[in-house]
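Q: Please take me slowly and closely through a single part of this structure, explaining each term when it first comes up.

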Amino acid sequence: MLTKKEITNLICDHIWTLRIPTDRQQFFHLVLGNYGIDGALTVIFRRDGTIDFPTNIAFKPREFRGWDFDELKQEIVFFDDNYQESKRATAPIQWAGKSLKIDLIGESNVFTYEPHAEKKIVEEQTIGGVNLFFIPRNAYSFEKFQNLARTGFTIK
């Protein structure tokens, strides 16, 4: 059983990205906005129970304004503008490599934290990239793509 202090140390002050699954068991970022002000929906859980949005998104979703941890149910509770419960999520579990994921309860969407790529994904992503990795077609797999992409490589 996790305590609120343990959850706080685990999730706070990191960038968590909302990912939406496709019907092919792949995930993509939710992007809010248009016309040059797009941003992936990312959140930072703060130790005081608030949530920040570090990317340039067109609006801040009302259902993610605050958070708390229900130690009895081992669930993260999200609050809206009026500090009313809006959603619940599982405690973080290990996902791919050293990444963590938080499943939104009753939804297929997840928040992921990828320690090796968190700053690059949000602040320094460049089309074309600066790190290239060439893989022959006969050796290509989606798992290799995911692992390399998360470490900042563009796959060719």
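A: Helices (H or I, at least four residues) and strands (E, at least two) are DSSP runs, and they are numbered from the N terminus. The structure is a predicted model, in which local features need pLDDT of at least 70, side-chain atom pairs count only at pLDDT 80 or more, and totals for chains, interfaces and linings use all residues. Residues are numbered from 1 along each chain as its sequence is written, and side-chain values use heavy atoms, with hydrogens and water left out. As pLDDT is the predictor's confidence in each residue, from 0 to 100, it helps to know that the protein chain averages 79 and that 70% of the residues score at least 70.

The part to look at is helix H1 and its surroundings. In H1, which covers residues 4-11, the buried residues (under 20% relative accessible area, with exposed meaning over 50% and partly exposed in between, for a 1.4 Å probe and protein chains only) are Ile7, Thr8 and Ile11. Seen down the axis of H1, these residues fall within an arc of 100°, so they line one face of the helix; the arc is that of the directions from the helix axis to the C-beta atoms. Among the elements that cover them are strands E1 (15-21), E5 (42-45), E7 (66-70), E8 (75-79) and E11 (100-103).

Ile11 also belongs to the largest nonpolar core, which has 23 residues, and it is among those with the most contacts inside it, together with Trp16, Phe45, Trp67, Ile76, Phe78 and Phe111. Two or more residues of this core come from each of H1, E1, E5, E7, E8, E11 and strand E12 (110-113). Such a core is a set of buried Ala, Val, Leu, Ile, Met, Phe, Trp, Tyr and Cys residues joined through side-chain atoms within 4.5 Å. Phe45, for its part, has contacts (heavy atoms within 4.5 Å) that include Ile11, Cys12, Asp13, His14 and Trp16, leaving out residues up to four places away in sequence.

Between H1 and E1 there is a loop, and both Asp13 and His14 are found in it. Most residues other than glycine have a negative phi, whereas the phi of Asp13 is positive, near 65°; with a relative accessible area of 40%, Asp13 is partly exposed. A further positive value in a residue other than glycine is that of Tyr83, near 60°, which lies in the loop between E8 and E9 and counts as exposed at 51% relative accessibility.

His14 links the loop to a residue far along the chain: Tyr113 is 99 residues away in sequence, yet the two C-alpha atoms are 7.2 Å apart. Their side chains make a polar contact of 3.2 Å, a term for a pair of N or O atoms within 3.5 Å, where within protein one must be able to donate a hydrogen and the other to accept it, and residues adjacent in sequence count only if both atoms are side-chain atoms.

After the loop, E1 runs antiparallel to E5, joined to it by 3 bridges, and Ile15 stands opposite Ile44 in E5; two strands pair if DSSP finds at least two bridges between them. In E5, Thr42 and Ile44 point one way while Val43 and Phe45 point the other, and all of them are buried.
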